Amino acid sequence: MSPFEMSDHETFMRAALDEARRGFAAGEVPVGAVVVLDGRVVGRGFNQPIGRVDPTAHAEVVALRDAAAAAGNYRLVDATLYVTIEPCLMCVGAMVHARIARLVFGATEPKAGAAVSTMRAPEHPALNHRIEVQGGVLEDECRALIQEFFRGRRPKAEPGTGPTE
């Protein structure tokens, strides 16, 4: 059980949503993350692989790098990572290496989510660190933002060209 109250989770998830909106504005897939240590945000990030020309610049990795720099240590023991969308396998691996204590995410990612959807990577028996996982915090808001982004990216079908016409 997380030491934070649900209102704390919602407060920090709103900060992650703010980061996701920054990504949306930059034309990146709108995923946002914040790292919380001792009750305060010490790292922030949004997806930036396009802008940084870096396939590892996912919101979680950017936030972990920011937090590690602020803490002066790559190990973020007792920290909680809040992210709007369930992390991929690469990001779960980065959390394990950073020794993140807790992961709190908004919406599941059925195609690439590695915390609960496609696999339960934080529970893998070969790992030397365990991460407490909680999903569903502000799930509807997190899902709505990413759906809005992709709706704007999909080409509009012309009348008479749809599968049912």
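User: In this predicted model, where is the place of Asp78?
Analyst: The model is predicted. Helix H3 covers 59-71 and strand S3 covers 80-85. Asp78 sits in the loop between helix H3 and strand S3.

User: Is Asp78 buried or exposed?
Analyst: A residue counts as exposed when its relative accessible area is over 50%. Asp78 has a relative accessible area of 52%, so Asp78 is exposed.

User: What is the phi of Asp78?
Analyst: Most residues other than glycine have a negative phi. Asp78 is not a glycine, yet its phi is positive. The value is about 75 degrees.

User: Where does Leu138 lie, and what is its phi?
Analyst: Leu138 is in the loop between strand S5 (132-134) and H5. Leu138 is not a glycine either, but its phi is positive. That phi is about 50 degrees.

User: Is Leu138 buried or exposed?
Analyst: The cut-off for buried is under 20% relative accessible area. Leu138 has 14%, so Leu138 is buried.

User: How far apart are the end C-alpha atoms of helix H5?
Analyst: Helix H5 has 15 residues, 139-153. At 1.5 Å a residue, helix H5 should span 21 Å. The computed distance agrees with this: 22 Å.

User: Which residues of H5 are buried?
Analyst: An α-helix has 3.6 residues a turn, so residues three or four places apart point the same way. The buried residues of H5 are Cys142, Leu145, Ile146 and Phe149. Seen down the axis of H5, the buried residues fall within an arc of 85 degrees, so they line one face of the helix. The names again are Cys142, Leu145, Ile146 and Phe149.

User: Which residues are exposed on the other side of H5?
Analyst: Exposed means over 50% relative accessible area. On the side of H5 away from its buried residues, two names qualify: Asp140 and Arg151.

User: What is the volume of the largest pocket, and which residues lie nearest its centre?
Analyst: The volume of the largest pocket is about 570 Å³. Its lining is made of 21 residues. Nearest the centre are Val29, Ile85, Glu109, Ile146 and Phe150.

User: Which element gives the most to the lining of the largest pocket?
Analyst: By class, the lining has 10 nonpolar, four polar and seven charged residues. Five lining residues come from one element, the top contributor: H5.

User: How many aromatic pairs are there?
Analyst: Rings pair if their centres lie within 6.5 Å. By this rule the count is three.

User: What is the angle between the planes of Phe12 and Tyr82?
Analyst: The ring centres of Phe12 and Tyr82 are 5.3 Å apart, and the pair is tilted. The pair links distant parts of the chain, with Phe12 in helix H1 (residues 6-25) and Tyr82 in strand S3, 70 residues apart. Phe12 is buried at 11% relative accessible area, and Tyr82 is buried at 0%. The angle between the planes is 45 degrees.

User: What kind of aromatic pair do Phe149 and Phe150 form?
Analyst: The centres of Phe149 and Phe150 are 5.1 Å apart. The planes stand at 80 degrees, and planes over 60 degrees apart have their own class. That class is edge-to-face.

User: Which residues do ring pairs link into a cluster?
Analyst: Phe149 is buried, with 6% relative accessible area. Phe150 counts as partly exposed at 33%. Ring pairs link these two with one further residue, giving the cluster Phe24, Phe149 and Phe150.

Methods: Residues numbered from 1 in each chain as written. Predicted model: local features only at pLDDT ≥ 70, side-chain atom pairs only at ≥ 80, totals over all residues. Heavy atoms only, no water. Helix = DSSP H or I, 4+ residues; strand = E, 2+ residues; numbered from the N terminus. Expected span 1.5 Å × (residues − 1). Buried < 20%, exposed > 50% of the residue type's maximum accessible area, 1.4 Å probe, protein only. Arc of directions from axis to C-beta. 1 Å grid on protein atoms, 1.4 Å probe; cavity = no way out; pocket = protein on both sides within 12 Å on 5 of 7 lines; lining within 4 Å. Points joined across faces, edges and corners; volume = space filled by probe spheres on them. Nonpolar A, V, L, I, M, F, W, Y, C, P; charged D, E, K, R; others polar. Phe/Tyr/Trp six-rings, centres within 6.5 Å; stacked < 30°, edge-to-face > 60°.
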